[in-house]
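Here is a walk through a model with its sequence alongside. Keep the 3D view open and follow the paragraphs in order.

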Amino acid sequence: MHLNDVVLSVSPTGLGIMAAGWLGAAAGVGWSLRRLDYERIPLVGVMSAVFFAVSAVQIPLGPVAVHLVLNGLMGLLLGAAAFPAIMIALLLQWLFFGEGGITTLGINTVNMALPAVVVYRLFGGVRSARPAAVWWSGFGAGFVSIVLSAALTGLCIFAVGRNLQGLSVLVWITDGGLAFGEGLVTAAAVAFLHQVRPEALRPAAAS
Amino acid sequence: MNQSRRCVLRRVCAARAAAFFFACAMLCNSTAYAHSLYIFATQRGDQVEGKVYFRGGSGAAGAKVEVYDADGAKRHELTCDEEGRFRFQPGFSGKMRLVGILEDGHATEYELETMTAETGDAASETPNRAAPGDGDPPNDSVRRDPQSGPALTAETGPTATGESIGEPSPLAAAIERLRDEVIRLREDIQTSRSRAEWRDVLGGIGYIFGLTGIAFYLSARRRASRGEAKNHPPAAERARGGAS
């Protein structure tokens with residue numbers, strides 16, 4: 001899901017996507033920072049660190065390796081503040097691991113943070129106290145955020161007209177697997193948080 | 001009651017959104033490979049071969065490789081085998097840029113400077129010419145001795161017979177082995193360089209916490225300049241949550 005510099009820099013459409021990505025990311029970051037509450041700053045930092053660190057843990061899935069993204073969990077916990085958290089983590093992932101790119105930082109931020117915000121609107125502020133409902137909202141958040149991010153990334157690649165169809169079946173198996181895994185992890189995290197610290201699941205910043 | 005209805009509506013809405021985006025994503029052949037990609041290539045004779053691989057070293061099966069020349073024109077497009085390896089005949093010399101791409105948008109590039117075909121031939125043929133005989137043991141030992149006359153003549157000019165062209169001399173074989181070794185070494189270096197370093201992870205977390213500290217500081221200054229208007233942030237938060 002990290003678009004690389006060379007993928008978009010080849011066509012005018014790609015440059016347009018890049019520019020739009022930067023605009024979107026700047027708007028998201030600016031808007032959410034303006035509304036960010038003083039006492040939520042540490043949580044934003046911690047979630048940003050989690051997002052960054054979890055990308056170093058490679059999980060073999062068939063012939064390829066994937067890592068968790070956790071943007072669903074970030075959406076549930078941070079709301080719109082997922083924008084700055086994800087942008088900083090992506091910048092550091094590029095600096096340290098060479099994942100993604102610097103010109104594509106904006107569009108990558110949008111591709112991952114926008115689903116986080118959407119997921120927050122869909123599942124956020126867990127209102128039901130039933131454990132099953134809490135679990136399913138966590139699962140839905142993790143699953144939907146990955147599918148959304150993958151769809152956005154796919155749209156970008158599709159728009160620049162790169163014809164890359166060698167891996168479709170494999171892609172669908174790993175994609176679905178990752179979304180499912182994210183759902184399970186997010187559900188577990190949300191269920192746990194709901195028990196020990198229910199107020200963490202109500203980020204005021206995105207309301 | 002009202003809440004549970006809203007809850008159900010939310011679920012339905014979420015399910016529809018998920019289905020919609022699944023369909024969207026399926027149309028676009030997208031993927032969520034969340035890992036980084038690397039490429040390595042080297043010249044061997046008149047061919048260029050290399051590998052596209054993930055962090056940690058496992059090959060990227062089926063990855064596309066695009067070859068651009070120094071002017072940026074695309075010259076070749078290849079698909080890797082199951083081990084992520086590729087091999088092609090460039091048909092041109094000089095600088096080339098190899099771009100490895102997975103269909104999910106992960107990409108990587110590598111610059112390679114190839115020698116001209118003549119230089120490559122000369123390099124591979126020099127040892128052949130230096131070999132004086134057709135594998136005669138005495139001749140071989142003479143050639144290894146730097147003091148002997150025949151060896152010197154053999155090195156100064158192509159006086160030796162050309163029968164050894166068909167069969168590589170021990171020297172050529174040794175150079176070939178050495179080259180294999182160097183290629184493997186360079187692959188190893190690339191792989192270990194690209195492996196996730198835990199030091200980097202810790203460093204990155206440190207940066208994030210540092211930035212969090214800065215954000216805290218700026219936010220605290222903003223609050224102070226507002227004259228402690230929001231003395232009870234939890235209450236303010238609750239009020240805002242209720243208003244929405």
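**Two chains, one walk-through**

Chain B exposes about 14,400 Å², and carbon and sulfur atoms supply 57% of that surface. This is a predicted model. Of the 244 residues in chain B, 36% count as buried. Chain B holds seven helices and seven strands. Read from the N terminus, its elements run α-β-β-β-β-β-β-β-α-α-α-α-α-α. Among the contacts in chain B between residues at least 6 apart in sequence, 52% join residues at least 24 apart.

Now turn to chain A. Its accessible surface comes to about 7,400 Å², and 72% of this belongs to carbon and sulfur atoms. Buried residues make up 62% of its 207 residues. Chain A has eight helices and two strands. From the N terminus, the order is α-α-α-β-β-α-α-α-α-α. Of the contacts in chain A with a separation of 6 or more, 80% are between residues 24 or more positions apart.

Start inside chain A with helix 3, residues 41–54. Its 14 residues should span 20 Å at 1.5 Å a residue, and the end C-alpha atoms are indeed 20 Å apart, so the two values agree. Is this helix enclosed or open? It is largely enclosed by the rest of the structure, because 10 of the 14 residues of helix 3 of chain A are buried. The buried residues include Ile41(A), Val44(A), Gly45(A) and Met47(A). Phe51(A), Phe52(A), Ala53(A) and Val54(A) are also among them.

What do the buried residues of helix 3 pack against? Within chain A, their partners are helix 4 (71–78), helix 5 (82–97) and helix 6 (105–123). Chain B takes part too, through its helix 6 (198–225).

Two residues of helix 3 reappear in the largest nonpolar core. This core has 54 residues. Phe51(A), Phe52(A), Met74(A), Leu77(A), Leu78(A), Ile86(A) and Phe123(A) touch the most other members. Helix 2 (12–35), helix 3, helix 4, helix 5, helix 6, helix 7 and helix 8 of chain A each give two or more residues to this core, as does helix 6 of chain B. In soluble globular proteins, nonpolar side chains tend to be buried together.

Take Ile86(A) as a viewpoint. Leaving aside neighbours within four places in sequence, Ile86(A) is in contact with Phe51(A), Asn71(A) and Met74(A), and also with Thr109(A), Met112(A) and Ala113(A). A second, separate core has 24 residues, including Ala60(B), Cys80(B), Met96(B) and Leu112(B).

Next, go to helix 2 of chain A and find Arg35(A). Arg35(A) has a relative accessible area of 24%, so it is partly exposed. Ala81(A) is 46 residues away from Arg35(A) along the chain, yet their C-alpha atoms are separated by 8.6 Å.

Finish on the surface. Which residues form a nonpolar patch there? They are Trp135(A), Trp136(A), Phe180(A) and Leu184(A), with about 420 Å² of accessible area together. Helix 7 (131–159) and helix 8 (168–196) of chain A each supply at least two residues of the patch. Phe180(A) lies in helix 8 of chain A. Its relative accessibility is 46%, so Phe180(A) counts as partly exposed.

Key. Residues are numbered from 1 along each chain as its sequence is written. Chains are lettered from A and ligands numbered from 1 in the order in which they are written. This is a predicted model: local features need pLDDT of at least 70, side-chain atom pairs count only at pLDDT 80 or more; totals for chains, interfaces and linings use all residues. Side-chain values use heavy atoms; hydrogens and water are left out. Helices (H or I, at least four residues) and strands (E, at least two) are DSSP runs, numbered from the N terminus. Buried means under 20% relative accessible area, exposed over 50%, partly exposed in between (1.4 Å probe, protein chains only). Contact means heavy atoms within 4.5 Å. Accessible areas come from the Shrake-Rupley method with a 1.4 Å probe; for residues, only the protein chains shown count as cover. The expected span of a helix is 1.5 Å times one less than its number of residues. Patches are made of residues with over 30% relative accessible area and no salt bridge: like charges are joined within 9 Å, nonpolar side chains (Val, Leu, Ile, Met, Phe, Trp, Tyr) within 5 Å. A salt bridge is a side-chain nitrogen of Lys or Arg within 4 Å of a carboxyl oxygen of Asp or Glu. A nonpolar core is a set of buried Ala, Val, Leu, Ile, Met, Phe, Trp, Tyr and Cys residues joined through side-chain atoms within 4.5 Å.
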